[in-house]
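Hi,

Here is the structure I promised to pass on. Have a look at it first, and then read my notes below.

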Amino acid sequence: MQYSADGQSDGTATVQFPQPGFLASVFRDLGADQGPEPDPAAGRATPGRPDSNSTDPNPDYPYPADSDPADPDPDQPDPADPNSTDPGEAIAAHARAAALTHHRTLTVQAEHDRLADLLRRAALPVSAMDFESQLRHYEPRPYPADGPGVEEGAEPRWEDFAPAEPAAADPASGPSRRLLDSGYQRELAQARLAHQRALREWRTRRAEAGSPAADESRRAHEAAEEARARAVREYNESLEECRRAYRLAEPAAVESLLERALAAAETATQDLSAPCRAVFRPLTRTAVLDLDLPPLDLVPSLTGYRLAPDGDIVPVPRPPADRATDYLRLVARLALRSLQAADAVDTDEILAGVVLNGWLREPGAAEPLCLLSVDADRDALARTRLLPPETPYEDRDDEGVYADAEQDEALVRLRQLGAAVTPDPYARTVVQPAAQAGATVPAAPDLSANEFAELVRDLLTRGGLAAWSVRLRGPAGLVATGEGAPGSALPGRWVVWASRDTAPVGVEQIETLAEAVREESAERGLRLTTGRFAEEALDLTAEEGHRHIHLIDGDGVRELARTHLGLPLAAGH
């Protein structure tokens with residue numbers, strides 16, 4: 001402070017600044033930016049600090065007088081050096097990279113959690129969408145004026161609304177003490193309002209009971225209820241017509257019921273696009289289901305991200321075998337769910353078997369890829385519990401969320417049904433479809449192995465061959481035995497060899513069948529083919545030693561189908 005001659009302060013402050021060299025060193029130690037110092041007094045020179053008009057050769061404050069401003073500070077990074085970095089900036093960049101790595105890893109983990117949730121929901125049991133479950137029931141709705149409450153002819157009474165009086169603490173106290181209870185007074189006021197409202201509504205109903213508007217409203221309500229009842233009745237009648245058509249194995253009725261059941265089975269995974277279409281073949285009573293498989297990128301390809309020592313964010317890929325296994329586990333559950341839906345809805349046992357093909361349809365691909373094919377007859381479906389009895393995945397210490405493919409319940413059950421499953425979906429390794437839903441009238445090559453076996457069995461049992469027993473069966477045909485009653489079209493014990501041959505049947509196969517007839521102690525043999533026989537085979541069966549061998553070619557098979565089944569079979573491709 002400045003003081004006058006009389007010792008009093010004149011209100012002027014004098015600020016003492018440290019030496020410039022000391023201030024600059026403090027700023028350097030703190031790592032702060034060195035900004036301009038405030039001028040304590042305009043036009044006044046401070047000791048140790050040059051004036052703005054000074055000709056001091058070292059005017060760059062705050063460098064000390066004995067220092068050279070061109071000398072670099074060893075504690076500060078050199079801007080001209082590209083390899084020189086600020087330690088604080090490097091730490092901040094590392095923190096940002098670590099946070100981004102963590103965020104990306106959480107995103108990958110969310111994809112794994114979604115896949116695990118899809119696996120769980122895809123294994124949920126489906127409800128049977130049979131005809132009984134689709135029936136509708138009509139329940140009449142009362143007229144609003146006739147709603148619950150006070151009867152039309154009875155006037156609301158106060159006794160029905162009055163609240164219970166509070167119990168007195170002192171038995172000797174009178175009603176005046178109870179009237180002082182604030183809670184009782186509130187209940188009493190609310191009861192009076194409710195009684196007045198009910199009384200007003202009762203009087204209004206009585207006044208409007210005979211009015212034309214009330215009569216018109218009641219008639220409109222009754223007409224609406226009659227329309228509801230008629231709609232329910234007509235729907236149930238149409239459903240019964242569909243049921244009769246279904247029992248007659250009409251394709252449209254069977255396909256409609258199957259597709260409703262398949263659509264209902266997808267409700268648990270509506271966020272996963274995997275539609276399934278159905279085609280019914282009356283000739284073999286088999287449903288061919290085409291299941292659209294989910295895209296391959298649904299299964300995460302990474303386990304997460306890690307931060308490299310140099311600061312780069314590096315993705316951590318999953319083993320290709322683990323990713324393929326997870327995709328097949330999901331596909332297996334979708335296939336089992338569709339098979340269960342088709343089996344559960346067929347309460348009248350119209351279906352003799354089900355063929356399911358899983359198709360991968362990729363954008364830009366010319367043809368879809370078949371990655372899964374199942375050919376199961378009714379007996380196989382009945383013997384196999386299609387869905388796992390518990391949660392499809394559990395947290396195990398040794399396996400984690402995902403189980404090995406050989407231990408997966410869904411894949412094991414598909415293989416028990418004889419399913420063909422691609423070993424590597426990401427390599428686009430396809431399998432041969434068991435059957436394809438093509439033309440309305442199929443040819444023999446269009447049928448699956450089970451369909452062809454069922455067709456041969458139906459043709460021969462309707463022709464009189466009973467006690468049918470299949471000994472061998474494969475994609476190309478079957479070998480079976482049967483016995484016909486005396487006097488029937490096929491009497492005695494027979495050995496049947498049926499196949500779908502494109503090449504003519506030669507003499508060697510006729511000799512093999514004759515040997516099988518002798519081994520089975522049968523009386524006759526039947527060689528059935530959807531193709532034709534060579535001239536040498538026809539000549540051999542005309543000889544005395546081979547007259548017990550009978551031949552049926554493709555034209556004969558089609559004629560038998562038209563005669564015994566009443567359904568056509570197209571010629572082979």
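In what order do the strands of the open sheet with β8, β9, β10, β11 and β12 lie, and is the pairing mixed? Before I get to that, please keep in mind that this is a predicted model.

The order is β8-β9-β10-β11-β12, which makes an open sheet of 5 strands, and the pairing is indeed mixed. At the edges you'll find β8 (465–474) and β12 (549–552). Each of them has a single partner strand, so one side of each has no neighbour in the sheet. From one strand to the next, the twist averages 20 degrees.

Now for the pairs in this sheet. β8 and β9 are antiparallel and share 7 bridges; arginine 473, for example, has leucine 478 in β9 as its bridge partner. Helix α11 packs on this sheet, where it touches β8, β9, β10 and β11, and its direction makes about 160 degrees with that of β8. Helix α12 packs on the sheet as well, in contact with β10, β11 and β12, and its direction is at about 145 degrees to that of β11.

Strand β9 (residues 477–484) also pairs with β10, again in the antiparallel sense, over 8 bridges. In that pair, glycine 484 sits opposite glycine 492 of β10. On to the parallel pair: β10 is joined to strand β11 (residues 524–529) by 6 bridges, and valine 496 stands opposite leucine 526 in β11. To get from β10 to β11, the chain passes through helix α12 (residues 507–519), and this β-α-β crossover is right-handed.

How many of the 8 residues of strand β10 are buried? The count is 6 of the 8 in β10 (residues 492–499), so this strand is largely enclosed by the rest of the structure.

There is another sheet to look at. It is open too, with 5 strands in the order β1-β2-β5-β6-β7 and mixed pairing. Here the edge strands are β1 (276–281) and β7 (420–421); each has a single partner strand, so one side of each is left without a neighbour in the sheet. Strand β5 (residues 353–360) runs antiparallel to strand β6 (residues 369–377), and 8 bridges join them. Across that pair, leucine 360 faces leucine 369 in β6. You'll meet α11 (residues 449–462) again at this point: this helix packs on the sheet and touches β1, β2 (286–292), β5 and β6, with its direction at about 30 degrees to that of β6.

One residue I'd like you to look up is aspartate 446, in the loop between β7 and α11. Is aspartate 446 buried or exposed? It falls in between: its relative accessible area is 22%, so it counts as partly exposed, given that buried means under 20% and exposed over 50%. The C-alpha atoms of aspartate 446 and alanine 570 are 9.6 Å apart, although 124 residues separate the two along the chain.

Last, the cavities. Searching the whole structure turns up 3 cavities of 30 Å³ or more, and the largest holds about 50 Å³ of space. Its lining is made up of Leu262, Ala265, Glu266, Ala274, Cys276, Leu291, Arg337 and Ser338. The elements giving two or more residues to that lining are α7 (251–265) and α8 (320–345).

Over to you now. Happy browsing!

Methods
Residues numbered from 1 in each chain as written. Predicted model: local features only at pLDDT ≥ 70, side-chain atom pairs only at ≥ 80, totals over all residues. Heavy atoms only, no water. Pairing = 2+ DSSP bridges. Helix = DSSP H or I, 4+ residues; strand = E, 2+ residues; numbered from the N terminus. Contact = heavy atoms within 4.5 Å. Axes fitted to C-alpha atoms, helices over the stretch in contact; angles between N-to-C directions. Buried < 20%, exposed > 50% of the residue type's maximum accessible area, 1.4 Å probe, protein only. Right-handed = clockwise from strand over helix to strand, strands pointing away. 1 Å grid on protein atoms, 1.4 Å probe; cavity = no way out; pocket = protein on both sides within 12 Å on 5 of 7 lines; lining within 4 Å. Points joined across faces, edges and corners; volume = space filled by probe spheres on them.
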